[in-house]
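This briefing introduces one structure to a reader who has not met it before. Please look over the sequence and the model first, and then follow the points below, which are grouped by topic.

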Amino acid sequence: FPSNKIREILKQHISNGPANLQTLVEPIATIATNFESGSQGYLISVFRSIFEEYLNCEILFQGRPRDVVMTELRDKYKNPNGGAVKKSSRDEFPEVVKIAISKNKESK
């Protein structure tokens, strides 16, 4: 896969093209960056990211009851003023739900 060649071409055209061109070619640029080390390198990076996500979840539960961890996660992202999710934590709250669902499926 000629990712370096694609990135060079994109860089040339973005510098000479309209302002919104970067936004339009972003998906192609992302693919070229992902495959910079070839398909084997991309496969390794995907596996690594999945494994890191798994470890980050499992570390939370290591030797601890599920309900205690879930309560801690809920409290971490809860606003004391009425229990709504903090504005700064809204992006992270779906992560809490994802962890809860993954652990719920595991316990069945």
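Does arginine 64 count as buried, partly exposed or exposed, and at what relative accessibility? Arginine 64 counts as partly exposed, because its relative accessibility is 33%, and partly exposed is the class between under 20% for buried and over 50% for exposed. The model is a predicted one, and its chain has 5 helices and 0 strands.

**Overall build**

- Read along the sequence, the chain follows the pattern α-α-α-α-α, which agrees with a secondary structure of 5 helices and 0 strands.
- The chain has 108 residues, and buried residues make up 14% of them.

**Salt bridges**

- The structure holds 2 salt bridges, and in one of them the side chains of glutamate 36 and arginine 7 meet at 1.9 Å, N to O.
- This pair links distant parts of the chain, since glutamate 36 is in the loop between helix 2 and helix 3 (38-61) while arginine 7 is in helix 1, 29 residues apart.
- Glutamate 36 counts as partly exposed because its relative accessibility is 42%, and arginine 7 also counts as partly exposed, with a relative accessibility of 29%.
- The side chains of glutamate 72 and arginine 64 meet in a salt bridge as well, at 2.4 Å, N to O.
- Glutamate 72 counts as partly exposed at 41% relative accessibility, and its partner arginine 64 counts as partly exposed at 33%.
- As general background, side chains of opposite charge can pair when their charged atoms come close.

**The second largest pocket**

- The second largest pocket has a volume of about 180 Å³, and its lining is made up of Arg7, Leu10, Lys11, Ile14, Gln22, Glu26, Ala29, Thr30 and Thr33.
- Helix 1 (3-16) and helix 2 (21-34) each supply at least two residues of this lining, and helix 2 gives the most to the lining, with 5 residues.
- By type, the residues of the lining divide into 3 nonpolar, 3 polar and 3 charged.
- Arg7 appears in two of these topics, for it is one of the residues that line the second largest pocket and its side chain also meets that of glutamate 36 in a salt bridge.

**Contacts across the chain**

- Phenylalanine 35 lies in the loop between helix 2 and helix 3, and it is partly exposed, with a relative accessible area of 22%.
- The C-alpha atoms of phenylalanine 35 and serine 3 are separated by 6.3 Å, although these residues are 32 residues apart along the chain.
- Phenylalanine 1 lies in the segment before helix 1, and it counts as exposed because its relative accessible area is 61%, with exposed meaning over 50%.
- The C-alpha atoms of phenylalanine 1 and alanine 32 are separated by 8.4 Å, while the two residues are 31 residues apart along the chain.

**A nonpolar patch on the surface**

- Phe47, Phe51, Tyr54, Leu55 and Ile59 make a nonpolar surface patch of about 540 Å².
- Leucine 55, one of the residues of this patch, lies in helix 3 and counts as partly exposed, with a relative accessibility of 36%.

Conventions:
Residues are numbered from 1 along each chain as its sequence is written. This is a predicted model: local features need pLDDT of at least 70, side-chain atom pairs count only at pLDDT 80 or more; totals for chains, interfaces and linings use all residues. Side-chain values use heavy atoms; hydrogens and water are left out. On a 1 Å grid over the protein atoms alone, a cavity is a set of points where a 1.4 Å probe fits but cannot get out, and a pocket is an open set with protein on both sides within 12 Å along at least five of seven lines; lining residues have an atom within 4 Å of a point. Grid points are joined across faces, edges and corners, and a volume is the space filled by probe spheres set on the points. Helices (H or I, at least four residues) and strands (E, at least two) are DSSP runs, numbered from the N terminus. Ala, Val, Leu, Ile, Met, Phe, Trp, Tyr, Cys and Pro count as nonpolar, Asp, Glu, Lys and Arg as charged, and the others, Gly among them, as polar. A salt bridge is a side-chain nitrogen of Lys or Arg within 4 Å of a carboxyl oxygen of Asp or Glu. Buried means under 20% relative accessible area, exposed over 50%, partly exposed in between (1.4 Å probe, protein chains only). Patches are made of residues with over 30% relative accessible area and no salt bridge: like charges are joined within 9 Å, nonpolar side chains (Val, Leu, Ile, Met, Phe, Trp, Tyr) within 5 Å. Accessible areas come from the Shrake-Rupley method with a 1.4 Å probe; for residues, only the protein chains shown count as cover.
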